[in-house]
Protein chains: 2
Amino acid sequence: MANVYDAAYNLEKAIRESDDYKNLKQFYENVMNDETSKRLFNEFRETQFQLQQKQMMGEDLTDADVQKAQMQFSLIQQNEAISKLIQAEERMGMILSDLNRVMMKPLEDLYGMPGGFQ
Amino acid sequence: MANVYDAAYNLEKAIRESDDYKNLKQFYENVMNDETSKRLFNEFRETQFQLQQKQMMGEDLTDADVQKAQMQFSLIQQNEAISKLIQAEERMGMILSDLNRVMMKPLEDLYGMPGGFQ
């Protein structure tokens, strides 16, 4: 019987060695190594985080919030390095979500619903 | 290079074959095969779910809510089959959370924080 932790470490290794992860890493480094892209990207992430926090607290977004987010979004769309990074993040996000679904399948089978008892 | 999906299916298999999963499955079936335990357990889960929903919507719990949850909790604590199931669920929950952390490690390394960009 394979130990679950060994199997998880194998999965971790496979993720690190995958083209999708290598691309993500390269695109992340490209953005971080360019001062303008780095600042733009970090500001965009910071705004996203703040707006999410507001929504989770049940606060309404102001017109200024929405305008700021839209302006930052149009700026990052014009930045090739950031656009590539965001696409690679979306792809990696989908893969991780798939992998997580596979991992949760035994519980789903037992409890008859996604996520099982959790 | 191992394919990430193959590695995930191996992990799924290892989970299914683990003693922790087999115990959980056995304890779940024991509860489901006993009418009283089954009803008690399902009521407890239903109450938990309702209270979580309320809290997520920002609603206050009433005294009646709290009393109902406490009474159900004391009933299930006296039920050996359910107690075993809940312990097995807690253990499986910790293992799955560990496995998930291992799987997310490559992203954490890249982004310098748990969960990475997600």
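In what order do the elements of chain A run from the N terminus on? They go α-α-α-α-α, and the legends below take a few close-up looks at this predicted model.

**Figure 1. Chain A on its own, an all-round look at a chain with 5 helices and 0 strands.** Starting at the N terminus, the run of elements reads α-α-α-α-α. If the 118 residues were packed as a compact globule, you'd expect a radius of gyration near 13 Å, but chain A comes out at 19 Å. Draw a box along the principal axes, and the C-alpha atoms of chain A fill roughly 55 × 35 × 15 Å. Buried residues make up 36% of the 118 in the chain. The accessible surface adds up to about 7300 Å², with carbon and sulfur atoms holding 49% of that. As for who touches whom inside chain A, take the contacts with a separation of 6 or more: 55% of them join residues 24 or more positions apart.

**Figure 2. Where helix α5 of chain A meets helix α2 of chain B.** Here we're looking at residues 80–111 of chain A and residues 19–32 of chain B, whose helix axes come within 11 Å and cross at roughly 10°. Angles under 35 degrees count as roughly parallel, so α5(A) is roughly parallel to α2(B). Which residues in α5(A) meet α2(B)? They are A:P106, A:L107, A:L110 and A:Y111, and across from them in α2(B) sit B:Y21, B:L24, B:K25 and B:Y28. Sorted by class, this contact has 7 nonpolar residues, 1 charged residue and no polar ones.

**Figure 3. A:F27 and its contacts within chain A.** This phenylalanine lies in helix α2, residues 19–32 of chain A. Skip the neighbours within four places in sequence, and A:F27 is in contact with A:K84, A:L85 and A:A88. Another residue to pick out in this view is A:N100: it is 73 residues from A:F27 in sequence, and their C-alpha atoms are 24 Å apart in space.

**Figure 4. A:Q72, a glutamine in helix α4 of chain A.** The helix covers residues 63–77. Is A:Q72 buried or exposed? Its relative accessibility is 12%, and buried means under 20%, so A:Q72 counts as buried. Setting aside neighbours within four places in sequence, its contacts are A:E43, A:F44 and A:T47.

**Figure 5. B:I95 in helix α5 of chain B, with contacts in both chains.** With 7% relative accessibility, B:I95 counts as buried. Which residues is B:I95 in contact with, leaving aside its neighbours within four places in sequence? The list is A:V4 and A:Y5 from chain A, plus B:D20 from chain B. For a sense of distance, find B:Q50: it is 45 residues from B:I95 in sequence, with 26 Å between the two C-alpha atoms.

**Figure 6. B:M104, a methionine in helix α5 of chain B.** Helix α5 spans residues 80–111 here. B:M104 has a relative accessibility of 11% and so counts as buried. To frame the view, include B:Q72, which is 32 residues away along the chain and has its C-alpha atom 36 Å from that of B:M104.

**Figure 7. B:T62, a threonine in a loop of chain B.** The loop in question lies between α3 (35–56) and α4 (63–77). How does B:T62 count at 37% relative accessibility? The residue counts as partly exposed. Also in the frame is B:L51, which is 11 residues from B:T62 in sequence, with the C-alpha atoms of the pair 9.9 Å apart in space.

Technical notes
Residues numbered from 1 in each chain as written. Chains lettered and ligands numbered in written order. Predicted model: local features only at pLDDT ≥ 70, side-chain atom pairs only at ≥ 80, totals over all residues. Heavy atoms only, no water. Axes fitted to C-alpha atoms, helices over the stretch in contact; angles between N-to-C directions. Helix = DSSP H or I, 4+ residues; strand = E, 2+ residues; numbered from the N terminus. Parallel < 35°, antiparallel > 145°, perpendicular 65-115°, else oblique. Contact = heavy atoms within 4.5 Å. Nonpolar A, V, L, I, M, F, W, Y, C, P; charged D, E, K, R; others polar. Rg over C-alpha atoms; globule rule 2.2 N^0.38 Å. Buried < 20%, exposed > 50% of the residue type's maximum accessible area, 1.4 Å probe, protein only. Areas by Shrake-Rupley, 256 points an atom, 1.4 Å probe, with all protein chains shown as cover.
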